[in-house]
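Please open the structure in a viewer and keep the sequence at hand. The tour below proceeds by selections, each followed by a short account of what is found there.

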Amino acid sequence: RAQSVWAMKSQAPARARGTCLAVALLCRCASAWQAARPRAAAFLAASSRSTAPALKWDYGNHGRSWAALAQCARGPQSPVNISDLPESPTSEEKIFYRYNVSEVPVTVRNDGRMLVAKLGSGLGGISLGRAYPDDLNARYDVREILVHTPSEHTFGGLRVPLELQLVHSFAGVAGAVVAIGFAGSGGPSNGFLEALRQGGLPQAEGEEVIGNIAFPAALDFAGLFRAVVSHNSTFWGYGGSLTAPPCLGGVRWLVRDDPLPASHEAISAFQTAILSVMPMLQSDEAGNTRAFQPLKGRRKVKLGTADVGDLPEAPAREAFAEAVADARKAMQSMEATMVPMTSSGARGNESQFEAMGNLTDNGVGKVSCDEKKQTASESLKRAIARQKLECDAADRARENYDGEVDGSAETRDGQEMACSQSKRVAEALEAESEVLA
């Protein structure tokens, strides 16, 4: 079956511009760049819930015994009861979703705790911002699907029988998770669930089954965002963590407000597959669901949605995103980019963009000076927008700081660090733009 073509849409000039910017930003701290590249897979490895053998855990008491495991007692954790979170003022930010319908077979694995479907690249994802494609703060690409029963979050104020978690990555080092709930109905089943279970579902730990194997099955991710009745659906956003060990923080959750309808047969099939490997539980509620976590002063924000699948794709910024992510992970190395250097062969008054003017990427030709200037200008604009986003969040964290609430100091300090690092990225890009001008 034909592979998705999301990744192929980025034409050579766009890739060359992104590569040029990344090299210009970090070429003067090449050792830090090379050392940081392995981090690109860190979030995906952790988000798969596949942990080191020494980290033993299960859902026997719904995570209440995980306090000593990794980061499961650090900072704001997930899941939460969405209905209990106070609402922030209306946000101008929206979720712009753009996915390719996937007809590629997918492997669904039962890892003994949940059902996991790893996804290939190029399926698309979501962007967050005020306007598409000109005013975006972040882009996340879908990487895998996790299945929980009953739901870990609430939908319309209630826990529902099934929750799909769509794990997304941004430059491989930060993440967003989209949570979609499903409730039983007497009507036809949801096409997405039917595609996942088309080849059956694995009933034993370690078993794998191939789903989405034959027409007319297809994984239509965009359909999970569309409204059932009205024109647009609504999501709630909040900051939290992965919901299973190692419970890494810094995750942006986007939880659909209302559950989607699904047949009782489909829901029962997923429940049976998950519960077949569950140990005897220490509570009346069976399933692979972590207990609700303390709110710790957090708020939720209401987000609208828009399907941008038919609009021109936003310019590719993968290389720039990697540079920004690495810069945030290595502030001291980033400081080296604040002063022009000549050790790379560039003249004292010559930008690293000029020094790399002949760079090619898999046959990509030279990038014109005008293109470099345009890329620098656009990327600076996005870096400034990111700086505002992080620093506004830091201001809110300071306002909500409560020394009596466990984890509020970590939230405040973490946001202030993100604000400081984003300023350094913007300053570095501003310096490069001035040289090019």
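Begin by selecting cysteine 72 and cysteine 247, which form a disulfide with their sulfur atoms 2.0 Å apart. A search of the whole structure finds 1 disulfide. The cysteines belong to distant parts of the chain, 175 residues apart. Cysteine 72 is found in the loop between α3 (42-47) and β1 (94-99), while cysteine 247 is in the loop between β9 (234-241) and β10 (249-256). Viewed along the S-S bond, the torsion is about 75°, so the disulfide is right-handed. Are the two cysteines buried or exposed? Cysteine 72 has a relative accessibility of 5% and therefore counts as buried. Cysteine 247, at 0%, counts as buried as well.

Next, display the whole protein as a cartoon. It should be kept in mind that this is a predicted model. The mean pLDDT of the protein is 75, and 65% of the residues reach 70 or more. If the model is coloured by pLDDT, residues 1-53 appear as a stretch that stays under 50, with 135 contacts beyond four places in sequence. Residues 330-366 also have a pLDDT below 50, and this stretch has 68 contacts in the model beyond near neighbours in sequence. The cartoon contains 10 helices and 12 strands. Of the 437 residues, 50% are buried. Among contacts with a separation of 6 or more, 77% are between residues 24 or more positions apart.

Now select strand β6, residues 162-170. How many of its residues are buried? The count is 9 of the 9, so the strand is largely enclosed by the rest of the structure. Show the side chains: Leu162, Leu164, Leu166, His168 and Phe170 point one way, and Glu163, Gln165, Val167 and Ser169 point the other way. Add strand β5, residues 135-148, to the selection; β5 and β6 pair in the antiparallel sense over 7 bridges. Aspartate 141 stands opposite serine 169 of β6.

The tour continues with the aromatic rings. The structure holds 10 aromatic pairs. Select tryptophan 57 and tryptophan 66, whose ring centres are 5.2 Å apart; their planes meet at 75°, so the pair is edge-to-face. Both tryptophan 57 and tryptophan 66 are buried. Proceed to phenylalanine 225 and phenylalanine 235, with centres 5.3 Å apart and planes at 25°, so this pair is stacked. Phenylalanine 225 is in the loop between β8 (208-211) and β9, and phenylalanine 235 is in strand β9, 10 residues along the chain. Phenylalanine 225 and phenylalanine 235 are both buried. Extend the selection to Tyr97, Tyr99, Phe192 and Phe221, which ring pairs link with Phe225 and Phe235 into a cluster.

Finally, look for charged side chains over aromatic rings. Return to tryptophan 57 and add arginine 113, which lies over the face of the ring at 3.9 Å from its centre. Tryptophan 57 thus takes part in two arrangements shown on this tour, one with tryptophan 66 and one with arginine 113. Then select lysine 300 and tryptophan 236: the charged end of lysine 300 sits over the ring of tryptophan 236, 4.4 Å from the ring centre.

Terms used. Residues are numbered from 1 along each chain as its sequence is written. This is a predicted model: local features need pLDDT of at least 70, side-chain atom pairs count only at pLDDT 80 or more; totals for chains, interfaces and linings use all residues. Side-chain values use heavy atoms; hydrogens and water are left out. pLDDT is the predictor's confidence in each residue, from 0 to 100. Contact means heavy atoms within 4.5 Å. A disulfide is a pair of cysteine sulfur atoms within 2.5 Å. Helices (H or I, at least four residues) and strands (E, at least two) are DSSP runs, numbered from the N terminus. Buried means under 20% relative accessible area, exposed over 50%, partly exposed in between (1.4 Å probe, protein chains only). Rings of Phe, Tyr and Trp (its six-membered ring) pair if their centres lie within 6.5 Å; planes under 30 degrees apart count as stacked, over 60 as edge-to-face and the rest as tilted. A charge sits over a ring if NZ of Lys or CZ of Arg is within 6 Å of the ring centre and within 35 degrees of the ring normal. Two strands pair if DSSP finds at least two bridges between them.
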